[in-house]
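Subject: Handover of a structure

Dear colleague,

Please find below the structure that I am handing over to you. A description of what was found in it follows.

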Amino acid sequence: MKILIVGYFTESSKLNIIGYFPEEWEVIIVPPGEEMLHHIKDCQVIIPEHIKVDSNLLSIARELKLVQTGAGFDNVDIDACTKLGIWVANAAGVNSQAVAEHVMALMLSYYKNIPFLDTFIKNRMDENQLYYTGSELKGKTIGIIGLGAVGKKVAEFCRVFDMNVLAYARNTVVHSGGFAKITDFDTLISVSDIVSVHVSLNQQTKHLINKEVFKKMKNTALFINTARGGIVNEGDLIDALKNKDILGACLDVFESEPLPINSELRSLGNVILTPHTAGMPDGLKFHKKRYEFFVNNIKRVENGEEPESKLNQLL
């Protein structure tokens with residue numbers, strides 16, 4: 001099997017990743033570009049980051065059997081793959097623990113002012129002049145948009161902190177596991193002290209969070225996004241933060257990644273930023289559970305079986 005992994009990786013990350021695949025497989029890791037186009041011609045599996053797997057790319061992938069993604073799959077044209085007899089699968093739920101923990105870390109960092117206090121003491125500032133505001137999570141209401149594996153795990157964690165948990169899910173038959181009260185979208189965004197996004201990016205959710213939504217939030221609300229940047233209109237978010245329509249934001253994902261150097265988000269004091277690392281607990285660009293899932297799924301396809309967490313059905 002020839003496995004093509006497309007994305008931006010450090011040399012140490014490449015070594016870790018390649019070491020996780022069977023030795024008899026050929027594993028190629030390249031960034032988007034000409035070299036990628038060369039290898040896609042004869043690979044059986046592609047694991048794509050920072051590229052669109054569309055009909056143009058698929059037209060040269062003559063031996064492709066599986067497109068394997070992480071949790072998100074908004075960069076894959078599933079219909080085009082299906083027409084060509086190519087499986088598409090994601091790794092749903094594999095990083096749910098990691099992302100949910102990251103959400104809690106962001107939340108605690110914001111309300112406990114960890115970034116500010118860390119900078120304060122490292123800069124040897126006079127502790128007699130220290131002034132800051134903080135808050136406990138107990139009693140706060142969090143609104144969780146999306147109740148997949150990550151959303152449910154966040155709800156579970158928040159109940160341990162004695163928070164009130166509301167949730168909205170497009171699928172009305174979704175169960176919260178007893179950790180959240182299901183409500184409608186408008187109620188959730190208008191009464192929540194914290195709004196956290198956990199839905200996939202698709203045509204229905206693109207810019208789901210926009211100017212109108214921010215206007216309906218409390219001006220004391222904290223907004224958290226660890227899902228996909230495109231779910232939020234980033235310009236509207238920046239305006240809401242600057243105009244104090246909301247209290248602040250914690251962001252792990254952005255409309256354009258890496259986050260542009262000149263992005264206004266970098267200069268806002270009421271924002272905590274992380275570089276799309278919520279789902280990578282084992283270090284940048286590496287997550288053992290994810291690659292274990294990838295290897296097992298590729299073996300299934302190699303053996304003529306259907307992949308787990310498939311996103312399409314082949315005839």
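**What was found**

Helix 11 (residues 288-302) lies across strand 1 (2-6), strand 3, strand 4 and strand 5, and runs at about 165° to strand 4. Helices (H or I, at least four residues) and strands (E, at least two) are DSSP runs, numbered from the N terminus. Axes are lines fitted to C-alpha atoms, for helices over the stretch in contact (heavy atoms within 4.5 Å), and angles run from 0 to 180 degrees between N-to-C directions.

Please note that this is a predicted model, in which local features need pLDDT of at least 70, side-chain atom pairs count only at pLDDT 80 or more, and totals for chains, interfaces and linings use all residues. Residues are numbered from 1 along each chain as its sequence is written, and side-chain values use heavy atoms, with hydrogens and water left out.

**The two sheets**

Strands of a sheet pair through backbone hydrogen bonds, either parallel or antiparallel. Here, two strands pair if DSSP finds at least two bridges between them.

One open sheet has 5 strands in the order 2-1-3-4-5, with parallel pairing. Strand 2 (26-30) and strand 5 (87-89) are its edge strands, each pairing on one side only. From one strand to the next, the twist averages 15°. Within this sheet, strand 3 (residues 45-48) and strand 4 (residues 66-68) are joined in the parallel sense by 2 bridges, and Ile-46 stands opposite Val-67 in strand 4.

Another open sheet has 7 strands in the order 8-7-6-9-10-11-12, again with parallel pairing. Strand 8 (181-182) and strand 12 stand at the edges with a single partner strand each, so one side of each has no neighbour in the sheet. Strand 11 and strand 12 run parallel and are joined by 3 bridges; Leu-251 stands opposite Leu-273 in strand 12. Helix 7 (residues 149-160) packs on this sheet and touches strand 6 (141-145) and strand 7 (164-168), its direction making about 170° with that of strand 6. Helix 10 (residues 234-242) also packs on the sheet, touching strand 10 (222-225), strand 11 and strand 12, and its direction makes about 140° with that of strand 11.

**The two domains**

The chain is divided into domain 1 (2-94 + 287-303) and domain 2 (95-273), with bounds that come from an automatic or database domain assignment. Their C-alpha centres lie 31 Å apart. In the interface, 9 residues of domain 1 are in contact with 7 residues of domain 2. The area buried between the domains is about 660 Å², of which carbon and sulfur atoms give 47%; buried area is the accessible area (1.4 Å probe) that two parts lose on being put together, summed over both.

Across this interface there is 1 salt bridge, a side-chain nitrogen of Lys or Arg within 4 Å of a carboxyl oxygen of Asp or Glu.

**Individual residues**

The structure holds 12 salt bridges. Among them is the one between Asp-74 and Arg-228 (3.2 Å, N to O). Lys-14 and Glu-11 also meet in a salt bridge (3.4 Å, N to O); because these residues are 3 residues apart in helix 1 (residues 11-18), about one helical turn separates them.

A cis peptide bond, with omega of about 0°, joins Glu-257 and Pro-258. Pro-258 is in the loop between strand 11 (248-251) and strand 12 (271-273). His-50 is not a glycine, yet has a positive phi of about 65°; His-50 is found in the loop between strand 3 and helix 3 (55-58).

Yours sincerely
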